[in-house]
Amino acid sequence: MRHKLDHHPNVEALALKIIKGIAIDHWRHRKLESAEGERPKELATESGSMTAKDDMELIKMIVDHLPPLQQQIFRLKDIDGYENEEIAKICGCSPEAVRQNLSRARRRIQKEFIRLTNIEEKICK
């Protein structure tokens, strides 16, 4: 990937995305390690994978309920990996509108995910 960095349109954004991914990996690893001390390793691993599956299903459900344009832009950017300029051409809007809709979609997904997971935690207790 190093040879592609010179031609990447936004190296700073790429670096932040990579750092965010690493931070999430470290956080999950620490969370898993603390859970292993409380129960057998097989259960901790199984529970962790089930939680991840449940979280992905929940996120898919939230994305399915986004407004159509936000849904399309989110899927093109974060799932299919298109660049903003390509998405703007596909959707027929400006790159600025793509950024705004993507930001709104991500905020809405985050807010709904937190709201729904807090509700689940309250029910389970």
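Visitor: At what relative accessibility does Arg-99 count as partly exposed?

Guide: The structure is a predicted model, in which local features need pLDDT of at least 70 and side-chain atom pairs count only at pLDDT 80 or more, whereas totals for chains, interfaces and linings use all residues. Residues are numbered from 1 along each chain as its sequence is written, and side-chain values use heavy atoms, with hydrogens and water left out. Partly exposed is the class between buried, under 20% relative accessible area, and exposed, over 50%, with a 1.4 Å probe and protein chains only. Arg-99 falls in this class, with a relative accessibility of 41%.

Visitor: Which residue meets Arg-99 in a salt bridge?

Guide: A salt bridge is a side-chain nitrogen of Lys or Arg within 4 Å of a carboxyl oxygen of Asp or Glu. The partner of Arg-99 is three residues apart from it in helix α5, so about one helical turn separates the two. With 2.7 Å from N to O, the side chain that meets Arg-99 is that of Glu-96.

Visitor: How many helices does the secondary structure come to?

Guide: Helices (H or I, at least four residues) and strands (E, at least two) are DSSP runs, numbered from the N terminus. Along the sequence the protein follows the pattern α-α-α-α-α. The strands come to zero, and the helices come to five.

Visitor: How many residues apart in sequence are the parts that Asp-64 and Arg-75 tie together?

Guide: The side chains of Asp-64 and Arg-75 meet in a salt bridge, at 2.4 Å from N to O. Asp-64 lies in helix α2 (residues 41-64) and Arg-75 in helix α3 (residues 68-79), so the pair ties together parts whose separation in sequence, in residues, is eleven.

Visitor: Which helix holds Arg-106, the residue that pairs with Asp-78?

Guide: Asp-78 and Arg-106 meet through their side chains in a salt bridge of 2.6 Å, N to O. The pair ties together parts that are 28 residues apart in sequence, because Asp-78 lies in helix α3 and Arg-106 in helix α5. Both residues count as partly exposed, Asp-78 at 30% and Arg-106 at 37%. To return to the name asked for, Arg-106 lies in helix α5.

Visitor: What distance separates the C-alpha atoms of Leu-66 and Ala-105?

Guide: Leu-66 is found in the loop between α2 and α3, and at 5% relative accessibility Leu-66 counts as buried. Along the chain Leu-66 and Ala-105 are 39 residues apart, while their C-alpha atoms are separated by 7.1 Å.

Visitor: What does the count of disulfides come to?

Guide: A disulfide is a covalent bond between the sulfur atoms of two cysteines, and the rule used here asks for a pair of cysteine sulfur atoms within 2.5 Å. The sulfur of Cys-91 is 4.9 Å from the closest cysteine sulfur, in Cys-93, which is too far for a bond. Cys-93 itself is partly exposed, with a relative accessible area of 22%. By this rule the count of disulfides comes to zero.

Visitor: What percentage of the 125 residues of the protein count as buried?

Guide: Leu-66, at 5% relative accessibility, is a buried residue, whereas Asp-64 counts as partly exposed at 46%. Of the 125 residues of the protein, the share that counts as buried is 19%.
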